[in-house]
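Open the model in your viewer and keep a selection prompt ready. The stops below give a selection and then what is found there.

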Amino acid sequence: MDLAFQSGDSQQTLFDAATTGEVRKILQPSSENDAKLQELKTFLIDWINNELNQEHIVVKSLEEDIFDGLILHHLLQKIANIKIEVEEITLSAINQKRKVGVILEAVSAHLQLEESQLKWDVNLIHSKDLLATLHLLVALACHFQPDLPLPSNVSVEVIVVEPTKTGMKTGKAIEFVTQNSNKDAAPKKDGFDQLFELDPDKVNDVKQAMLNFVNKQLVNLSLTVTDLDTQLADGVILLLLIGQLEGYFINLSTFFLTPESHNDKLHNVSLALDLLTEGGILQNPVEPIEIVNGDLKPTLRVLYSLFLKHKKASKPS
């Protein structure tokens, strides 16, 4: 993909990816005009201004007003009663980044998030990255004010930039910023619900077809799956399969290659489902605990979503 048209901020993102070896995401310029995204930005600005009204702080732009840590500092003090010992006013970039770093450490501690779960970091926030800023503010709102009526189902198209041995690999993906706000709404039924309800005799046929598909993709890794119910439950093979099919390497430091605990398995499966959701591959929601517990229907649903995308490539020539 030719990225010469990208803005200065996007060029910085490319530079960061090249120098740190990390996968970076760039918001598609066309997504910035999306009506639902604009609604979310306006909602967050109004929310912050309402919270900080008594302090006579006014936010006009998420990109321009959040990056130096001043607003984040005051917002956390207001909504979470978190006292953070940082300078009130910081003018130099070095001091601003140091301040933002201290604040983000406090956020991670209170939200109990591991580094691999974070969708923001000091450099992204300080460089006025809108996507990272939105993820951070939405996470704060959902954790400290869960009843806040955030606009639901806000998603954006992003360019995923990944450094490789031969250069920079890029691709497009859909990233969700907010989820469905109606927690009581029943998920839309798909073919697997009907299969298990109306034609259970064919479940084994589908299971065997998915088993063949998985093993064909894993042959280069010298791996073989014999039982879909149990061997995908820890998330390792699922992550390796996603990497093989999507053509990228998932850093081994982001998941447990030999998971020992239930939480290790949940972490792996959650990461896999996040990758599938962000890539627009998984259409129906799947709970990580279902996969970890060896529930066949959601396991098949995940595998079939991968099969549908890559079935042409999997056909023999």
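Select Ile237 first. In this predicted model, Ile237 has a relative accessibility of 11%, and because buried means under 20%, Ile237 counts as buried. Ile237 belongs to helix α11. Now add Leu218, Val225, Gln231 and Leu232 to the selection: Ile237 touches these residues, leaving aside those up to four places away in sequence. For a distance check, pick the C-alpha atoms of Ile237 and Val214; they are 9.3 Å apart, with the two positions 23 residues apart along the chain.

Next, widen the selection to helix α11, residues 236-246, and add helix α12, residues 262-278. How are the two helices oriented to each other, roughly parallel or roughly antiparallel? Their axes lie 8 Å apart and make an angle of about 25°. Angles under 35 degrees count as roughly parallel, and α11 and α12 are therefore roughly parallel to each other. The crossing of α11 past α12 is left-handed. To display the contact, show side chains for Val236, Leu238, Leu239 and Ile242 on α11, and for Asn268, Leu271, Ala272, Leu275 and Leu276 on α12. Colouring these residues by class gives eight nonpolar, one polar and no charged.

Leave the helices and go to two loop residues, with a backbone torsion readout switched on. Most residues other than glycine have a negative phi.

Select His56, in the loop between α2 (35-51) and α3 (62-65). Phi of His56 is positive, near 60°, and the residue is not a glycine. Is His56 buried or exposed? Its relative accessible area is 72%, so His56 is exposed, the cut-off for that class being over 50%.

Then select Asn81, in the loop that runs between α4 (70-79) and α5 (93-111). Asn81 is another residue other than glycine with a positive phi, here near 55°. With a relative accessible area of 57%, Asn81 is exposed.

Finally, clear the selection and show the whole chain as a cartoon. What does the secondary structure come to? There are 14 helices and three strands. The chain has 317 residues, of which 43% are buried. Switch to a surface view: the chain exposes about 17200 Å², and carbon and sulfur atoms supply 50% of that area. If you draw a contact map, keep pairs with a separation of 6 or more; residues 24 or more positions apart account for 59% of those contacts.

Key:
Residues numbered from 1 in each chain as written. Predicted model: local features only at pLDDT ≥ 70, side-chain atom pairs only at ≥ 80, totals over all residues. Heavy atoms only, no water. Helix = DSSP H or I, 4+ residues; strand = E, 2+ residues; numbered from the N terminus. Buried < 20%, exposed > 50% of the residue type's maximum accessible area, 1.4 Å probe, protein only. Contact = heavy atoms within 4.5 Å. Areas by Shrake-Rupley, 256 points an atom, 1.4 Å probe, with all protein chains shown as cover. Axes fitted to C-alpha atoms, helices over the stretch in contact; angles between N-to-C directions. Parallel < 35°, antiparallel > 145°, perpendicular 65-115°, else oblique. Left-handed = near helix turned anticlockwise from the far one by under 90°. Nonpolar A, V, L, I, M, F, W, Y, C, P; charged D, E, K, R; others polar.
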